[in-house]
Amino acid sequence: MHISEGVLSVHTLAVGAACAAIGVAAGLKKMEIDKVPRVGIVSAALFVSSLVHINVGPTSVHLVLNGIGGLLLGLELFPAYLVALFLQVLLFQFGGLAVLGVNTSTMALSGIIGGYLGRRIINSGKPPWLGGAIAGGVGVVLAGVFTALALAFSGDVFVVTAKLVLFAHIPVVIIESLIGAFVMTFIFKAMPSFVGECKKWE
């Protein structure tokens, strides 16, 4: 769900860069030293998951994992995404430096919202797999919405592409919901202390 260079308007790029700067600063401020390994692992997963693209017309789809990342990290998802996307630009020319702020903002913000909803569900006493499924699905849906809005605000010529981005990611929403359910079921069995972490983040 990367937006390429030369597509977005200047004001959209500026808003995205400002949002990313604020988010990364907040994430770094909140990050505790014992959370650094987790942030690194999630960042690596985000980096790898989006390397395999399937082209769908003028856009492409891939695993996002932002909702699951938001469930595991919270605000620390911003710096995790910044590193992952920067390395993709540097090594594989995915996206671009000019749109790095927008791509970071659309992916991280949507993931944090999805993760928050997932934590609320888990804290309400519902099964962990349900929280993971909601986080995974909502993260992808909102990432598609935010990406589509960034394209739509950059000119009428991109409205059709924005709609295609939303429709193309419907299968990804289903897949990521299943992955989120599996991941959270595993984590709650392997790391029961995560229950306390979820409550602390509320």
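When I say a residue is buried, I mean that its relative accessible area is under 20%. With that in hand, hello everyone, and let me walk you through this structure, which is a predicted model. Of the 202 residues of the protein, 49% count as buried.

Let's start with the overall layout. The protein has nine helices and two strands. If you follow the chain from its beginning, the order is α-α-β-β-α-α-α-α-α-α-α. Now look at the contacts between residues with a separation of 6 or more: 78% of them join residues 24 or more positions apart.

I'd like to spend most of my time on helix α4, so please find residues 77–92. How far apart are the end C-alpha atoms of this helix? They are 22 Å apart, and that agrees with the span we should get from 16 residues at 1.5 Å a residue.

Which residues of α4 are buried? Leu77, Phe78, Pro79, Ala80 and Tyr81 are among them, and further along come Ala84, Leu85, Gln88 and Val89. A general point helps when you look at that list: an α-helix has 3.6 residues a turn, so residues three or four places apart point the same way. As for what covers the buried residues of α4, the neighbours include α1 (10–30), α2 (36–49), α3 (66–73) and α5 (100–123).

Let's take one of those neighbours, α2. Its axis lies 8 Å from that of α4, and the two helices pack at an angle of about 45°. That angle makes α2 oblique to α4. The crossing of α2 past α4 is right-handed. On the α2 side, the contact is made by Val39, Val42, Ser43, Leu46 and Phe47. On the α4 side, the residues include Leu77, Ala80, Tyr81, Ala84, Leu87 and Gln88, and also Leu91 and Phe92 towards the end of the helix.

Another neighbour is α3. Is it buried or exposed? Eight of its eight residues are buried, so α3 is largely enclosed by the rest of the structure. Those residues are Asn66, Gly67, Ile68, Gly69, Gly70, Leu71, Leu72 and Leu73. Just after the helix, Gly74 has a positive phi of about 75°. You'll find something along those lines after α4 too, where Gln93 follows with a positive phi near 60°.

Now for a charged pair. How many salt bridges turn up in a search of the whole structure? There is one. Its partners are Lys35 and Glu76, and their closest N and O atoms are 3.1 Å apart. This pair links distant parts of the chain, 41 residues apart: Lys35 is in the loop between α1 and α2, while Glu76 is in the loop between α3 and α4. Lys35 counts as buried because its relative accessibility is 9%. Glu76 is buried as well, with a relative accessible area of 1%.

Before I stop, here are two more places to look. Leu97 sits in the loop between α4 and α5. With a relative accessible area of 55%, Leu97 is exposed. Its C-alpha atom is 9.2 Å from that of Leu85, which is 12 residues away along the chain. The other is Ile122, in helix α5. Ile122 counts as buried, at 9% relative accessibility. From Ile122 to Met184 there are 62 residues in sequence, yet their C-alpha atoms are 9.9 Å apart in space.

That's my tour, and thank you for listening!

Methods: Residues numbered from 1 in each chain as written. Predicted model: local features only at pLDDT ≥ 70, side-chain atom pairs only at ≥ 80, totals over all residues. Heavy atoms only, no water. Helix = DSSP H or I, 4+ residues; strand = E, 2+ residues; numbered from the N terminus. Expected span 1.5 Å × (residues − 1). Buried < 20%, exposed > 50% of the residue type's maximum accessible area, 1.4 Å probe, protein only. Contact = heavy atoms within 4.5 Å. Salt bridge = Lys/Arg side-chain N within 4 Å of Asp/Glu carboxyl O. Axes fitted to C-alpha atoms, helices over the stretch in contact; angles between N-to-C directions. Parallel < 35°, antiparallel > 145°, perpendicular 65-115°, else oblique. Left-handed = near helix turned anticlockwise from the far one by under 90°.
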